[in-house]
Amino acid sequence: MITLFKDEKIILIQRKYWLPFVLEAIPLVLIAILPFILFIFIEALPLPQDIKNIFLNYSNYYFFFSFNFVFIVWMFLGILWTNYYLDILIITNKRIIDIEQIGLFSRDEAEIRFEKIEDIRIEIVGFLPSLLKFGNIHIQSAAEKREFVLKDFQNPYKIKDIIATQKEKVFEENKT
Amino acid sequence: MDLNILNTIATFVFLINLIVFIIFSWILNYHWGRYEISISRTFSIRKIYFTISTIILFIILLLFLNLK
């Protein structure tokens, strides 16, 4: 997948934090089970009795279409999960590689060498990210692409420390 | 209610769903194989995705046969 340079070693491989994915997936799951909940409570719904009778008399069709709907939602969940799962951060002893899967047909692979890093900033915004310790890491670079953003990673301070330590090592190596 | 129309719609929906599933599964399978780092995890992902898909498809098929 990633071709490493000569003498290049992987220090860290990290996926994004799972919570943003779960928060996106919950509405989909709720939508998928909605037809079944509606059917359970059909008698209690304020609908004319004729319409209720149609639902009850053609329940086999209702369940057939409901399960087809569940199947479509399941496929969307698969796509959503793939988008989450294939987003990877790789830190080697020479560079940082950020891979982002954007939908099924778009993929962004960005990398920055430690020599180009000027500044690292952590951004943790909101109640849940503060509580569960996940957030974004902004890396200012001297390269053409000025800012490099690593989104939704757990323990961003730990990642920042790894980057800072490695940057220092590369700096020392280049000096000698 | 005309059951013939409903049956035609049901058949159409089932076939479209099946075709979409085959296409999407092929694309997802390609992505997992091409871009995933861990081979053992890819195997687990495929196992979970295709097992649940097969179960749902089987239920749909049973319901479809029950319509006729």
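This is a short chat about a predicted model with chains A and B, its interface, a surface patch and some single residues.

Q: Before we start, what kind of model is this, and how are things numbered?
A: It is a predicted model, in which local features need pLDDT of at least 70, side-chain atom pairs count only at pLDDT 80 or more, and totals for chains, interfaces and linings use all residues. Residues are numbered from 1 along each chain as its sequence is written, chains are lettered from A and ligands numbered from 1 in the order in which they are written, and side-chain values use heavy atoms, with hydrogens and water left out.

Q: How many residues of chain A are in contact with chain B?
A: On chain A there are 29 residues in contact with 34 residues of chain B, where contact means heavy atoms within 4.5 Å.

Q: And what is the area buried between them?
A: About 3000 Å² is buried between chain A and chain B, and carbon and sulfur atoms give 77% of that; buried area is the accessible area (1.4 Å probe) that two parts lose on being put together, summed over both.

Q: Which elements of chain A touch chain B?
A: Those that give two or more residues to that side are β1 (10-15), α3 (59-85) and β2 (88-92) of chain A, with helices (H or I, at least four residues) and strands (E, at least two) taken as DSSP runs numbered from the N terminus. The most comes from α3(A), with 17 residues.

Q: How many salt bridges are there between the chains?
A: The count between chain A and chain B is zero, a salt bridge being a side-chain nitrogen of Lys or Arg within 4 Å of a carboxyl oxygen of Asp or Glu. Over all chains, however, the structure holds seven salt bridges.

Q: Which residue pairs with A:Arg95, then?
A: A:Arg95 forms a salt bridge with A:Glu8, and their closest N and O atoms are 2.7 Å apart. The pair links distant parts of the chain, with A:Arg95 in strand β3 (residues 95-102) and A:Glu8 in the segment before β1, 87 residues apart.

Q: New topic: which element gives the most to the nonpolar patch?
A: That is α1(A), with seven residues. The patch lies on the surface, includes A:Leu23, A:Ile33 and A:Phe127, and has about 1100 Å² of accessible area together. Patches of this kind join nonpolar side chains (Val, Leu, Ile, Met, Phe, Trp, Tyr) within 5 Å, from residues with over 30% relative accessible area and no salt bridge, and accessible areas come from the Shrake-Rupley method with a 1.4 Å probe, where for residues only the protein chains shown count as cover.

Q: Last one: where is A:Lys133?
A: A:Lys133 is in the loop between α4 and β6 (134-141) of chain A, and it has a positive phi of about 55° although it is not a glycine.

Methods
Patch = residues over 30% accessible without salt bridge, like charges linked within 9 Å, V, L, I, M, F, W, Y side chains within 5 Å.
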